[in-house]
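User: Could you walk me through some of the labels used for this model? I'd like to hear how each one is justified.

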Amino acid sequence: MTAVAHAPITPAEGLLEIFLSLDTPEGFRAELIEGEIVVTPPPDGDHEDCIELIVNQVYGRSRTGMQFSGNKGLRLKSGGGCPKDHVIPDGTFAPRALRLYRGADSWMPCDGVAMVLEVTSTKPKADREAKRRCYARAGIPLYLLVDREASSVTLFSEPENDDYPELCTRPFGKPLKIPEPFAFDLETADFL
């Protein structure tokens, strides 16, 4: 019998292999964010209500027709020696004309994504910090964060390196301008 030599795997490759082999309970989702595996339980009804309110406005008011996915895995660039980030935004919007989701793998690249959406849950720090860095590093043009704890909505834009230098925050009840390709004011009164 001949021994076959295998190239040693790096810790980042090992972590990615473990992550991709996870079998999470139904309704839970696992993400690999900046070298950390994060498992999230199913969201509550208020969380889902916020998402639906936004999706309804995007479909009805966006200048550009959009497609939406609430569970699309995105494979993003990573920082440092970490494996590629694997995130599942609460919402991913892409121009309908691109048909980005058609034929896409479970974990697709983020090229063509116009905006990602996160609605905070019981642990909002990841949405406010780590995911903000991940989405900026990946070059996603717009990141919309509904912060239920702060009763505000923030649009991050103009990604540069690991952050979004441009941001606009409005309290619930005040409209938030969403730029092209959406080009409409997001009404937030129903978030109250």
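User: What makes α3 stand out in the lining of the largest pocket?
Analyst: Happy to help! α3 gives the most to that lining, with seven residues. A lining residue has an atom within 4 Å of a pocket point; a pocket is an open set of points on a 1 Å grid over the protein atoms alone, where a 1.4 Å probe fits, with protein on both sides within 12 Å along at least five of seven lines. α3 spans 125–138, and helices are DSSP runs of H or I with at least four residues, strands E runs of at least two, numbered from the N terminus. This is a predicted model: local features need pLDDT of at least 70 and side-chain atom pairs 80 or more, while totals for chains, interfaces and linings use all residues. Residues are numbered from 1 along each chain as its sequence is written, and side-chain values use heavy atoms, leaving out hydrogens and water.

User: Why is Ser 62 called buried?
Analyst: Its relative accessible area is 14%, and buried means under 20% (exposed is over 50%, partly exposed in between; 1.4 Å probe, protein chains only), so Ser 62 qualifies. Ser 62 lies in the loop between α2 (45–61) and β3 (66–69). Ser 62 touches Gln 57, Pro 181, Phe 182 and Phe 184, not counting residues up to four places away in sequence; contact here means heavy atoms within 4.5 Å.

User: How do you know that the buried residues of α1 share a side?
Analyst: In α1 (residues 11–20) they are Ala 12, Gly 14 and Phe 19. They cover an arc of only 160° around the axis, so they sit on the same side of α1; the arc is that of the directions from the helix axis to the C-beta atoms.
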